[in-house]
Number of protein chains: 2
Amino acid sequence: MRLSQFHLNTEKETPAEAEIVSHKLMLKAGMIRKLAAGLYTWSPLGLRVLRKVENIVREEMNRAGAVEMLMPTIQPRELWEETGRWEKFGGQLLKIKDRKEADYCYAPTAEEVVTDFARFELASYKQLPVNLYQIQTKFRDEIRPRFGVMRAREFLMKDAYSFHLDDASLQTEYRNMYDTYSRIFARLGLKFRAVFADTGAIGGSASHEFHVLADSGEDAIAFSDGSDYAANVELAEALAPGERPAATETLRKIDTPIQKTCEEVAALMGIPLQRTVKSVAIMGEDAEGKPQFALALVRGDHSVNEIKLSKSAGMAEYRLATEAEIRESLNASPGFLGPISATESIRVIADRSVASMADFVVGANEDGFHIAGVNWGRDLPEPEVADIRSVVEGDPSPDGKGTLGIARGIEVGHVFALGNKYSEAMDCTVLDAQGKPVNPLMGCYGIGVSRIVAAAIEQNHDDAGIRWPDAMAPWRVAVCVINPKNNPDVAAAAETLYQNLQAAGVDAVLDDRGLRPGAMFADIELIGIPHRVVVSERGVAAGTFEYRHRETSESENLDIDALNARIRS
Amino acid sequence: MRLSQFHLNTEKETPAEAEIVSHKLMLKAGMIRKLAAGLYTWSPLGLRVLRKVENIVREEMNRAGAVEMLMPTIQPRELWEETGRWEKFGGQLLKIKDRKEADYCYAPTAEEVVTDFARFELASYKQLPVNLYQIQTKFRDEIRPRFGVMRAREFLMKDAYSFHLDDASLQTEYRNMYDTYSRIFARLGLKFRAVFADTGAIGGSASHEFHVLADSGEDAIAFSDGSDYAANVELAEALAPGERPAATETLRKIDTPIQKTCEEVAALMGIPLQRTVKSVAIMGEDAEGKPQFALALVRGDHSVNEIKLSKSAGMAEYRLATEAEIRESLNASPGFLGPISATESIRVIADRSVASMADFVVGANEDGFHIAGVNWGRDLPEPEVADIRSVVEGDPSPDGKGTLGIARGIEVGHVFALGNKYSEAMDCTVLDAQGKPVNPLMGCYGIGVSRIVAAAIEQNHDDAGIRWPDAMAPWRVAVCVINPKNNPDVAAAAETLYQNLQAAGVDAVLDDRGLRPGAMFADIELIGIPHRVVVSERGVAAGTFEYRHRETSESENLDIDALNARIRS
């Protein structure tokens with residue numbers, strides 16, 4: 001491609017409306033233009049990147065044995081009624097009436113349509129397993145579309161659906177897709193993690209999310225440095241520490257007139273924060289379903305994990321207690337609460353790490369005071385113990401291998417073992433080897449193709465612009481010509497280099513727009529081309545090209561062989 | 001691809017719901033499945049064909065210098081209001097309300113969105129000309145969707161839009177697109193015609209339709225055997241014949257008691273149909289806009305062309321006259337009408353060929369009688385002359401080169417020179433060389449990608465199924481293995497052949513499903529694979545392969561070299 005014949009339209013100013021760096025850079029580079037809320041036009045430059053992602057996804061899906069098809073974007077209400085999702089899907093489902101007042105929706109996903117296809121197409125177990133996928137536009141009517149294509153309403157998604165006679169076959173394909181996704185993100189050149197996920201609303205038995213790691217990611221991920229364990233911080237198990245040490249201190253009351261937080265108390269006492277215990281007052285239900293006051297205890301440097309706590313008995317819909325409820329149960333103000341109750345025996349749920357502590361500090365249930373040297377069994381009863389905290393950096397990995405780190409991630413893929421949820425609801429059956437109709441088990445596997453483009457930029461950028469991995473770059477190599485109009489030799493040398501690169505299968509672009517070097521280089525850096533080659537009068541005279549990789553700040557003068565070696569490496 | 005790992009699902013019965021052959025064969029071959037009225041899922045087999053078409057369209061558009069982009073399928077009402085098409089587009093525009101009650105439509109075409117993009121992106125004449133295209137799903141809410149993907153509601157379309165500073169540039173690109181379309185349909189292996197078209201509702205100055213020729217086509221096309229002239233029959237000019245001969249007969253009344261049509265009168269008189277004249281009674285308007293009775297005359301073997309007739313003065317909204325109106329003006333019944341009026345002088349519009357006739361036969365305006373030996377100037381005044389008939393097979397081509405034939409066609413492409421209709425309505429301007437803002441001139445160029453698939457089948461099929469041109473076939477070559485399970489040598493030979501074809505870049509499929517030969521061959525014929533190679537025990541023993549082309553009924557036993565030569569030719 002010659003840039004003079006391409007529609008490249010970068011902007012000098014950073015767009016004000018964009019909140020995150022990928023949105024800013026995609027606008028500035030002219031990759032996308034906003035049409036309306038959550039609707040974006042992909043410019044020629046943006047589409048080149050989108051297609052690179054799409055093609056890698058397609059190649060790897062095909063390699064994995066999945067078979068591509070194409071379902072309509074507009075789907076009839078009747079199918080969505082069969083699974084109950086016409087109502088249950090909620091406001092994200094864009095509902096449409098046609099000219100005959102019949103109800104349709106714009107597909108946000110395609111379980112219903114593929115299951116309808118399958119119940120027509122699949123008759124016998126001999127046709128299984130099969131994995132059908134499409135790369136097709138989707139629409140989710142986000143209540144607050146934002147961040148450009150990161151959370152757009154219309155987007156490009158790869159969605160795959162597999163059908164199986166038995167669970168062993170489903171698990172095999174689930175693993176196959178897990179491995180395929182790993183290959184896809186590795187080929188794209190992205191740092192990513194496969195994260196064990198809650199199966200949530202979509203149901204099913206197993207689920208992993210694939211996250212592109214980026215500081216700006218919405219989700220916190222805990223991952224091991226000693227294995228491929230990774231999980232959403234919300235879900236990662238915090239292992240119990242070792243044995244509880246023996247008590248060495250005596251119980252004593254500490255004057256803490258204005259010290260309400262663990263940090264303040266630890267600072268006042270000159271002890272590590274890890275010696276303090278935070279008491280969070282909550283309201284759950286007792287065995288009879290009546291409101292029950294309780295304290296959830298975590299170490300001073302930990303925080304309560306709501307999802308985990310809600311799994312304790314009676315806590316499914318717990319809430320924080322009000323000041324009045326606290327005063328009624330403990331006769332104290334928040335900031336001075338603790339598990340040693342003067343008035344009555346209250347429910348205490350201690351995190352595993354709290355249960356392993358000795359000689360710790362808690363609130364005294366008396367305003368202005370804490371109690372130090374507290375020990376389980378001696379000063380108060382043994383507590384109810386559960387894993388109720390979020391893991392933190394440095395925790396041991398739950399699989400026993402290595403230590404956890406925390407990273408932020410952007411979800412770009414998801415694999416689910418669905419089971420027979422959809423095949424049963426929609427009466428999709430195949431005959432098994434005995435001639436008996438059975439509902440096939442299903443898996444579903446999604447990749448947000450357009451979202452990957454934004455996520456990659458979140459992970460790979462600097463002040464000058466985007467830093468594409470080679471596989472995603474609109475072009476791998478830019479050949480920049482200095483002042484071609486006045487230097488026919490330079491123009492010819494650049495043209496020859498460009499032609500030779502093309503002939504060798506290198507995805508190259510010739511910047512023949514005749515811009516001044518500063519403006520040209522700024523564009524090439526902004527749009528993130530990995531390899532830049534400058535063809536100048538001085539270079540042509542010396543028989544060299546000025547080469548610079550986007551990741552380095554220094555350029556080198558290379559002869560053609562060295563240049564080729566560098567570009568093709 | 002191995003068919004055992006592909007989801008092929010042909011049907012034995014011909015589907016009852018399909019009215020045309022392409023719809024029947026696409027269902028029978030399992031290329032598409034109906035989801036709802038006008039909505040079709042493309043199976044893996046169907047999608048392979050669709051992608052072949054899409055890729056050829058893309059390659060040729062890129063070669064022509066057009067630049068690909070991607071616009072959303074969902075578009076905001078505001079843009080469509082700017083051009084007035086929110087109302088004017090009519091019921092085919094699928095209107096949608098989002099969760100915030102904002103109005104959108106599903107794009108049936110994208111002039112508004114691309115012009116909105118252009119008014120943001122294009123600032124200077126230096127950025128022109130540019131041709132931006134996309135291959136994207138469209139929706140038109142047809143009142144009566146039918147014929148499968150031939151007239152579906154959701155379909156895949158390539159739509160391109162070019163922007164120009166002046167008309168010379170627009171005409172150059174128009175010609176470039178015309179040539180590109182010709183290359184595309186030639187590469188697809190289809191018989192087609194570029195047809196001069198009425199610019200119609202979309203406006204603009206020049207327009208050609210591209211039709212795939214097929215007996216089942218909706219449109220009749222006149223084309224020259226001596227040039228590339230082609231036009232819709234409705235629009236093709238009928239040239240005036242040579243000089244009018246001298247009168248040789250006397251005027252005489254003929255007794256035609258029950259002969260009302262020209263055919264009947266000619267038969268009775270024993271003269272050629274070409275000697276008779278048909279008088280069609282119509283109501284137009286006179287110069288003051290009042291209803292005016294008139295006769296439109298065409299030769300007995302011709303028919304009135306409504307579009308042409310409507311271009312005569314006062315005939316823009318003409319209609320056929322009622323029997324009462326006829327009786328009032330001519331005092332006769334239909335079947336016996338003619339231009340020699342006993343009562344008053346009425347308006348007569350004669351087709352060019354009628355104006356060149358002598359000694360002809362017309363109705364007598366008296367029930368039961370005709371008049372023969374009629375001559376212009378002698379027996380009645382010289383008429384108003386116009387081209388008001390449709391051309392017929394054998395007419396001279398309007399460009400003076402060759403003779404016209406008539407074929408039926410299916411419209412699959414359309415090129416328009418739009419002018420400034422959209423750029424003006426939407427206030428899209430660029431600065432010209434003098435720094436003055438001007439509305440760029442636009443062209444638009446559409447191809448119905450999914451429709452091409454159906455049209456190709458209409459053109460290429462037989463009783464056994466589809467006969468794909470090589471370029472559109474799901475696979476060019478099928479390697480069919482006979483009884484592979486019991487013949488490891490045969491299976492190995494087929495596998496080797498398949499691998500070698502793949503390695504040589506031949507798009508081949510291995511039919512390793514283990515079907516009986518009859519069922520296997522029927523499938524391969526039905527789905528239209530051009531080249532079939534059978535690998536059998538006998539062939540392996542003899543060192544030959546049984547080769548048959550889909551177009552022939554005989555197979556040949558070829559050794560590997562001859563086979564390769566045949567397949568690659």
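# Exercises on a predicted two-chain model

In this predicted model, 58 residues of chain B are in contact with 58 residues of chain A. The exercises below begin with that interface and then turn to domains, helices, sheets and backbone geometry.

**Exercise 1. Describe the interface of chain B with chain A by its buried area, and name the three residues of chain B that supply most of it.**

Step 1. The size of an interface is often given as the accessible area lost when the parts come together. For chain B and chain A this area is about 4,600 Å².

Step 2. Of that buried area, 59% lies on carbon and sulfur atoms.

Step 3. On the side of chain B, the residues to pick out are B:His7, B:Leu35 and B:Arg99, which supply 15% of the area that chain B buries against chain A, more than any other three residues.

**Exercise 2. Set out the domains of chain A, and work out how domain 1 of chain A and domain 2 of chain A are placed against each other.**

Step 1. The domain assignment divides chain A into domain 1 (19–236 + 406–458), domain 2 (252–389) and domain 3 (475–568).

Step 2. Taken over C-alpha atoms, the centres of domain 1 of chain A and domain 2 of chain A are separated by 42 Å.

Step 3. Contact between these two domains involves four residues of domain 1 of chain A and five residues of domain 2 of chain A, and together the two domains bury about 320 Å², with 40% of it on carbon and sulfur atoms.

**Exercise 3. Characterise the packing of helix α2 against helix α6 in chain A.**

Step 1. Helix α2 (residues 44–63) of chain A and helix α6 (residues 167–188) of chain A have axes that come within 10 Å and cross at roughly 145 degrees; the crossing is right-handed.

Step 2. From α2(A), the residues that take part are A:Val53, A:Ile56, A:Val57, A:Glu59, A:Glu60, A:Met61 and A:Arg63, and they meet A:Met177, A:Thr180, A:Tyr181, A:Arg183, A:Ile184, A:Arg187 and A:Leu188 in α6(A).

Step 3. Sorted by character, the residues of this contact comprise eight nonpolar, one polar and five charged.

**Exercise 4. Trace the open sheet of chain A that contains β30 and β31, and find its edges.**

Step 1. Five strands of chain A stand in the order β28-β27-β29-β30-β31, and their pairing is mixed.

Step 2. At the edges are β28 (508–511) and β31 (556–558) of chain A, each of which pairs on one side only, while the twist from one strand to the next averages 25 degrees.

Step 3. Strand β30 (residues 545–549) of chain A is joined to β31(A) by three bridges, and the two run antiparallel; A:Phe545 has A:Leu558 as its bridge partner in β31(A).

**Exercise 5. Explain why β16 and β20 of chain B each have a side without a neighbour in their sheet, and place helix α9 of chain B.**

Step 1. The open sheet in question has five strands of chain B, in the order β16-β14-β15-β17-β20, with mixed pairing.

Step 2. Because β16 (319–320) and β20 (384–386) of chain B stand at the edges with a single partner strand each, one side of each is left without a neighbour in the sheet.

Step 3. The partnership of strand β14 (residues 277–285) of chain B with β16(B) is antiparallel over two bridges, and B:Met283 is paired with B:Arg319 in β16(B).

Step 4. Helix α9 (residues 323–330) of chain B lies across β14, β15 (291–299) and β16 of chain B, and runs at about 90 degrees to β15(B).

**Exercise 6. Locate the cis peptide bonds that end at A:Pro129 and B:Pro129, and the positive phi of A:Asp359.**

Step 1. Most residues other than glycine have a negative phi, and most peptide bonds are trans.

Step 2. The bond from A:Leu128 to A:Pro129 is cis, with omega near -10 degrees, and A:Pro129 sits in the loop between α5 (111–121) and β7 (130–139) of chain A.

Step 3. In chain B, a cis peptide bond joins B:Leu128 and B:Pro129, with omega about -10 degrees; B:Pro129 belongs to the loop between α5 (111–121) and β7 (130–139) of chain B.

Step 4. A:Asp359 has a positive phi, near 55 degrees, and lies in the loop between α10 (352–355) and β18 (360–363) of chain A.

Notes: Residues are numbered from 1 along each chain as its sequence is written. Chains are lettered from A and ligands numbered from 1 in the order in which they are written. This is a predicted model: local features need pLDDT of at least 70, side-chain atom pairs count only at pLDDT 80 or more; totals for chains, interfaces and linings use all residues. Side-chain values use heavy atoms; hydrogens and water are left out. Axes are lines fitted to C-alpha atoms, for helices over the stretch in contact, and angles run from 0 to 180 degrees between N-to-C directions. Helices (H or I, at least four residues) and strands (E, at least two) are DSSP runs, numbered from the N terminus. A crossing is left-handed if the near helix is turned anticlockwise from the far one by less than a right angle, and right-handed if clockwise. Contact means heavy atoms within 4.5 Å. Ala, Val, Leu, Ile, Met, Phe, Trp, Tyr, Cys and Pro count as nonpolar, Asp, Glu, Lys and Arg as charged, and the others, Gly among them, as polar. Two strands pair if DSSP finds at least two bridges between them. Domain bounds come from an automatic or database domain assignment. Buried area is the accessible area (1.4 Å probe) that two parts lose on being put together, summed over both.
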